[in-house]
Amino acid sequence: MGESVSSLSALKQRIARVGAASAVAAGAPVALGHAGIDGVLGGGLARGKIHELFALVAEDAASAAGLALMLATRARQTGALLWLRTEAAERRGGRVHGPGLVDLGIDPGALVLGVMPDELTLLKAAVDAVRCAGLGAAVIECWGNPRALDLTASRRLAIAAEQSGVTALFLRMEAVPAPSAAETRWAVSAAASAALDANAPGQTRFAVELLRRRAGPAGMRWQVEWDRDRQTFRDPAPSGLMVPLLRDGSAAHPAAGAVRRTA
Amino acid sequence: MDRTAQALGLAIGLGLADARARIPDLLAYDADPHADIDWLERLADGCIRYTPNVALDPPEGLILDIAGGAHLFGGEAALVAMIEDRLARAGMTVRPACADAPDAAQAMARFQCLPGADEAAAVRRLPVAALRLEEESETALKRAGLKTVGDVASRPMATIAARFGAEAVTAIRRLLGEAESPLTPRRTAPALVEERRFAEPVAKTDFAFAVLAELAADAALELEELKCGGRRFEAQFFRTDGLVVRLRVETSLPTRDPKAIMRLFQERLDGLSDPVDPGFGFDLVRLCVPQSEPLAASQLALEGGAVSETQMAELVDRLSTRIGRGRILRLHPQDTHIPEQVQLALPAVEAPPAAWPEAAAGEPPLRPLHLFDPPQLILVEDEQPTEGPPSRFRWRRAFHDVILSEGPERIAAEWWRRKGGHEAGKGGPTRDYYRVEDARGRRYWIFRHGPKADWFVHGVFA
């Protein structure tokens, strides 16, 4: 009897999981965990859409890539994460570094990296990839405003995403915003982090601006901090409050003064 | 030196000036051994239509292992006639010979003599040159009155070995079929082969592809019986003129789905820079499965987990086939501290997902998202501090004021890999890394080799 009860409960759990998975597939948005952004977007980023992330200057490319990977990690359930970029991007922006991904809470084991010879191949591969429903999420990195990337190419990508339900994050590095079929368009830049003990750089922080949105107003700005351990975004604690507290703490414990102890 | 030249009385070893003097309108071409070998290899590849075991015998020979396969072509004589006929159409003359041992066959082809009563007698009648010994040994044998292989073989082997070395004995024994002479096939025989021959050559690539699809379906049935799935597939289109067009694809998961296989072949065909040239037509299409792995009969999972995995694997295969297997990658961790070597990017078609360690809770990112290899030089304009990071540096034509910093984190070279690395000062350079954040919130990973050395930026944080 006990055995059958336990197997029954296991079965119930399994059915619940199936239900949850189908709810995800039905298009529950990708919540960021940041109350302000989720409120404006109506629950989060829409699934099965293209979302453009602009790094308006090259120095912010790494921040935009980081944000895209975090969003992709939140968007994917169990599926793989595909990151498509070009050789030129690798030379300019640097190679993807696995331990760095781990430090951002992104599993490099789930990542499939595509390094394309040029932008045209990149866009073709991107359409193919986004069409594949087995993909968890796609990050497409494109530098500048290549000729191949026009409104038609963007629309093709959007239709592919809509049909498969794959959420695609389109990174536009050092690019000028142009008309596209994207659902939302963001500008991302790095933001000063809250200093840890001994003036060490703190948790990853971004300044994001919603440039455009298909279904609603835009133009809002936020500062968000990535909470790696809980895999969610949060409102950064106001630095005016944070810094004095830390200074008090370090004054109270002189042993922790000069050097921050790392694990 | 072609047949006409031989008829005119020219011979190898004659000077070009002498030959020109005898025949004023002589056409002379430079010898090109590389092109010769290349052509021989292409012929060898064309010969796998007769047998999977084809070995090169440079400079001008091919050895075909037709044991157990000649009856498929109507016996040895018919097979030889078929090969002669095909090569004659390409303008080549062949000197074929069949024998029980490969060495005997090649010797009989090269030193064709009067036919003997049987094979053993014919081998014994071959001149001593057929032993392919050094010139000195050959002359010595002739001076001793031993003109044929049979003469040499009738002497006690011990005396031959004492006079001409063990190689001479091995050569004789191989020629007589008494010792094994292993063949080195150009390609290993694949585990599974499906083929279709045409009575008339097919000039359309589309039709050849349709036949390939049927072969893929046949292969799928056979693989299912074996409970296997193929990891690599090779399509071979044999042209009537003896050349072979090969298309190869590989998959990251074992598969036997004919549709998936054909999609990959179509990708490969579309990706070719030159379209496939059927020439005068294909007369044989073959599908080989050189590598296969166990694959049980599959059932679709209720949650769709297995489906999404298969779809993902298909995507990886498709992209790798079209763009190149070295461009679709997975990252694998390596056991080292050197930042450039800490990961290995492997082709996703052959490398499974790797397990990476988790980050320590509560820490900010300690390693950058992007790494520059090689590191990029930065200019530090203020007075070089002997301790701590610079307060201001210039990288890519922009100044960065360092507001926050942490370090140094010292990463030493792997002295145990160096010769004499355990001695002081020979362990290789040590790097002092700092995490810095500039006034605009951008975070960099910078280092230098020592107190007075140059600074480099090695990576950027998100």
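**Figure 1. Val208(A) and its strand partners in chain A of the predicted model.** Val208(A) lies opposite Trp222(A), a residue of strand 9 of chain A. On strand 8 of chain A, Val208(A) is also the bridge partner of Val188(A). Strand 8 of chain A and strand 9 (residues 221-227) of chain A run antiparallel and are joined by five bridges. Strand 7 (residues 184-190) of chain A is likewise antiparallel to strand 8 (residues 205-213) of chain A, and seven bridges link these two strands.

**Figure 2. Pairing of a strand of chain A with a strand of chain B.** Strand 4 of chain A pairs with strand 7 (residues 328-333) of chain B through two bridges, in the antiparallel sense. Within this pairing, Gly114(A) faces Ile328(B), which belongs to strand 7 of chain B.

**Figure 3. The contact between chain A and chain B.** On one side, 60 residues of chain A take part, and they are in contact with 57 residues of chain B. Several elements of chain A each supply at least two residues of the side that touches chain B: helix 1 (2-26), helix 3 (61-75), strand 3 (95-96), helix 5 (98-103), strand 4 (111-116) and helix 6 (119-131). By residue type, the side of chain A that touches chain B comprises 30 nonpolar, 20 polar and ten charged residues.

**Figure 4. The largest nonpolar core.** This core has 108 residues, and the members with the most contacts inside it are Ala68(A), Ala138(A) and Leu171(A). Helix 3 of chain A makes the greatest contribution to the core, with eleven residues. From chain B, domain 1 (192-319) and domain 2 (370-460) each provide at least three residues of the core.

**Figure 5. The surroundings of Ala138(A).** When residues up to four places away in sequence are not counted, Ala138(A) touches Leu82(A), Ala126(A), Ala129(A), Val130(A), Val166(A) and Ala168(A). Ala138(A) is one of the residues with the most contacts inside the largest nonpolar core.

**Figure 6. A second nonpolar core.** Separate from the largest core, this second core has 27 residues. Among them are Cys47(B), Val128(B), Leu131(B) and Phe164(B).

**Figure 7. The two assigned domains of chain B.** The domain assignment of chain B gives domain 1 as residues 192-319 and domain 2 as residues 370-460. Taken over C-alpha atoms, the centres of domain 1 of chain B and domain 2 of chain B are separated by 52 Å. Both domains supply residues to the largest nonpolar core, at least three from each.

Conventions: Residues are numbered from 1 along each chain as its sequence is written. Chains are lettered from A and ligands numbered from 1 in the order in which they are written. This is a predicted model: local features need pLDDT of at least 70, side-chain atom pairs count only at pLDDT 80 or more; totals for chains, interfaces and linings use all residues. Domain bounds come from an automatic or database domain assignment. Two residues are in contact if their C-beta atoms, placed from the backbone, lie within 7 Å. Helices (H or I, at least four residues) and strands (E, at least two) are DSSP runs, numbered from the N terminus. Ala, Val, Leu, Ile, Met, Phe, Trp, Tyr, Cys and Pro count as nonpolar, Asp, Glu, Lys and Arg as charged, and the others, Gly among them, as polar. Two strands pair if DSSP finds at least two bridges between them. A nonpolar core is a set of buried Ala, Val, Leu, Ile, Met, Phe, Trp, Tyr and Cys residues joined through C-beta atoms within 7 Å. A residue is buried if 20 or more other C-beta atoms lie within 10 Å of its own, exposed if 12 or fewer, and partly exposed in between; C-beta atoms are placed from the backbone.
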